[in-house]
Amino acid sequence: MTLEQIRALLPLIILVGAAVAIMLGLAVRRNHAFTVAVAVGSLAAAILSLALGPTVATPITPLLRLDGFSVFFSGLILAASLFVAVLSHGYWNRRRTVISEEFYILLLLAAAGSVTLTMAVHFASFFLGLEILSGSLYAMIAYERDRQAAVEAGIKYLVLAGGSSAVLLFGMALVYARTGTLDMAAAAAKLAGALDVLTLAGVAMILVGIGFKLALAPFHLWAADVYEGAPAPTAAYAATVSKGAIFALLVRLAAAMDIQSNPPFQATLAAAAVITMFAGNLLALRQSNLKRLLAYSSIAHMGYLLVAFLAAGTLGRTAVGFYLAAYIITTLGVFAVMIVLSGTERDADRLEDYIGLSRAHPLLAAVFAGMLLSLAGLPLTAGFVGKFYLLAAGVGAHLWVLVAALVISSTISLFYYLRFIAAAYAQPAAPPALPAAVAMPRLARLAIAVLVILLLWLGVYPAAVIRAIQEAVAIGR
Amino acid sequence: MPGLLADGVELWPLALYFVAVVVLAGGILGLSYVLGERHRERATGMPYESGMIPTGSARVRMPVEFYLVALFFVIFDLEAVFIFGWAISARQLGWAGYVEVVIFIAVLVSALVYLWRQGALDWGTARRAGADRDRSGRRHGDE
Amino acid sequence: MTTVPMMHAMIVAAILLGLGLTGLLVRRNIMFTLLSIEIMLNGAGLAFIAAAAHWKQADGQVMYLFIITMAAVEVAVGLALVLQMYHHLRTLDLDAASSMKG
């Protein structure tokens, strides 16, 4: 391995090294603040090492490849992990009964798995990244094992993720059996667009596996229960980092295998996109639990992303990149408000918890409303620009049905987001259900401020970011 | 179509072996069933035919340590697989492979240190008395 | 009779995958569910081994090592969760674990 390759691999080395260091540190002495500092520091160092890393595309062994595409998505993932780590600090501090330090080990490992996914150009690294990510997620979801709901959610996720991984692996094995290579690009070249029954089944099974992990319809039913049972930081992590990483992998896999131009897959994915958008938005209408609502809304957003994914090309990939960034910032923003409001006993995930929020915390209520409006795609927010790009990509590729479905279903989404905003600005009839957490940690406050700035920046002046993404995904090919 | 086994490897000894195993096991069971002596007294079905009458359920709840040891076994057992994988081609892999396997083992050792310090390797409750945080910290983490 | 054609091994692997999937859908006991996942994973593993033997490569066997590692992780976390579930519910029936509705 050359020095250049080690430099390219540095983010992963830092993350894994920090995870082991925290583990050894815990063997000596437990200290929550110190653990958080190491975790946040290593995530920041990993981002820095990405920024200072090689500027040309660097293959690192046949398994991984650092190029503009992976730098952009890794950066996104690491930044989101950093926000979750910062927000977790205050959250676990309030739950004195839970041992919190191991959470950060799992978080760092999950981030390492996600970064591996964005760099993967080989089925082996794809599988390894995915399993490192989901293995850590099992434990993160069931982290509060004294709560029954958390254990249930963990088991549910474990069973479904395990089953879908097996299907995914079988698909890979079928492709391998036909092509004799596990390298994505080489396998695609061997197939050369001509798929026989075996490889058709193989690719289809891989897509089913990915669809399960992204909670695309008809494989979306697990998401709401898992998010509800998981502690709020884990739910935030699963909704942002895990989905972002898997979507990045899907984009790279599709670019290598040219899935979008294959009629059967195109038709199936388009149908899945339409069902996903409507299922997510219609099911979200009935929810009065914010975590479940965000689960369904994240399902719907994955459906929106599929529109740009199916549009393919540089415009499609740019739209995917920008929309994922906007989605991650916004979803983190909503979860951040939920996390700082969560008390010592339970998470602030009920509609009642938000009634009269504007009275108690006017600023927090404004942030909450802004983030939800961005999820709904209203102007001046990142969500609006993102949706605009999705539509542009869809129209550019003449995907009229998908574009229509996107417009109609995101109109539906306005209703349920507005319900929570209305609650936040309603007059409380009774004193609030939760004693609002008054002592907001300084770091959490800073994190929320940064998220708001990013939201407005992407919403008002997206040109610079879009240019950067365009360059990144152009090298990605 | 090329198959699973390299050409020239005969499969029939394996098949013969398999048949022999089935015949032997079946023969022993069958013969003892046919030739064996059978009796049905009142106490035949009891665990101690000529001893005290057992009381209570046989389904004892195992201490959680047994499960814990089973989990550790599953994990550390597999890590040996990777080391074997390195060992059979150690010379080909050279120093680079050596450094990599040393890093791998170092990570394993730190995991072991962590488990040991958390009290996961202590058997029984006496040793862990007074270490409340350890008790709950023990089963978190990366098991 | 010196070789086993790859297709035969693939068919066995597919049967294993199908058996596991059926078990996953039909059985309600969490232990059998975990067992079914194990069977599915081994089906996928067998397919990799068969393909690797067909191409005379080690790649598929390496994938199998990764698969059993992942299976071990799954079992370890799964069993820990099963213990917790039994602690909360006093049963291993998955249908009992449905406190969340919506």
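Visitor: In this predicted model, is Trp55(C) buried, partly exposed or exposed?
Guide: The structure is a predicted model. Trp55(C) has 17 C-beta neighbours inside 10 Å. A residue needs 20 or more to be buried and 12 or fewer to be exposed, so Trp55(C) counts as partly exposed.

Visitor: In which element is Trp55(C) found?
Guide: Trp55(C) belongs to a helix of chain C that covers residues 30-55. That element is helix 2.

Visitor: What distance separates the C-alpha atoms of Trp55(C) and Gln84(C)?
Guide: Along the chain, Trp55(C) and Gln84(C) are 29 residues apart. In space, the separation of their C-alpha atoms is 45 Å.

Visitor: What radius of gyration does chain C have?
Guide: The C-alpha atoms of chain C fill a box of roughly 55 × 25 × 25 Å along the principal axes. For a compact globule of 102 residues, a radius of gyration near 13 Å would be expected. Chain C, however, has 17 Å.

Visitor: Which pattern does chain C follow along its sequence?
Guide: Chain C contains three helices and zero strands. Read along the sequence, the pattern is therefore one of helices alone, namely α-α-α.

Visitor: What percentage of the residues of chain C count as buried?
Guide: Chain C has 102 residues. Among its contacts with a separation of 6 or more, 48% join residues 24 or more positions apart. The share of residues that count as buried is 44%.

Visitor: What percentage of the residues in chain B are buried?
Guide: Chain B has four helices and zero strands, and its elements run α-α-α-α from the N terminus on. Of the 143 residues in chain B, the buried ones make up 9%.

Visitor: Which element gives the largest share of the side of chain A that touches chain C?
Guide: Between these chains, 36 residues of chain A are in contact with 36 residues of chain C. The elements of chain A that give two or more residues to this side are helix 5 (123-141), helix 6 (148-179) and helix 9 (222-229). The largest share, 18 residues, comes from helix 6 of chain A.

Visitor: How many residues on that side of chain A are nonpolar?
Guide: Sorted by class, the side of chain A that touches chain C includes 10 polar and six charged residues. The nonpolar residues there number 20.

Visitor: Which residues have the most contacts inside the largest nonpolar core?
Guide: This core has 252 residues, and its largest share, 20 residues, comes from helix 6 of chain A. In soluble globular proteins, nonpolar side chains tend to be buried together. The residues with the most contacts inside the core are Tyr323(A) and Ala47(C).

Visitor: Which residues does Ala47(C) contact, leaving aside its neighbours within four places in sequence?
Guide: In its own chain, the contacts of Ala47(C) are Met10(C) and Ala13(C). In chain A, they are Phe170(A), Ala173(A), Leu174(A) and Ala177(A).

Visitor: On which residue is the kink in helix 10 of chain A centred?
Guide: Helix 10 of chain A has 26 residues and should span 38 Å at 1.5 Å a residue; its end C-alpha atoms are 36 Å apart, which agrees. Of those 26 residues, 25 are buried. The kink is about 30° and is centred on Ala238(A).

Visitor: How far apart are the end C-alpha atoms of helix 13 of chain A?
Guide: Helix 13 of chain A is mostly covered, with 26 of its 29 residues buried. At 1.5 Å a residue, its expected span is 42 Å. The distance between its end C-alpha atoms agrees, at 42 Å.

Technical notes:
Residues numbered from 1 in each chain as written. Chains lettered and ligands numbered in written order. Predicted model: local features only at pLDDT ≥ 70, side-chain atom pairs only at ≥ 80, totals over all residues. Contact = placed C-beta atoms within 7 Å. Nonpolar A, V, L, I, M, F, W, Y, C, P; charged D, E, K, R; others polar. Core = buried A, V, L, I, M, F, W, Y, C linked by C-beta atoms within 7 Å. Rg over C-alpha atoms; globule rule 2.2 N^0.38 Å. Expected span 1.5 Å × (residues − 1). Bend = angle between axes of the 7 residues up to and from the residue.
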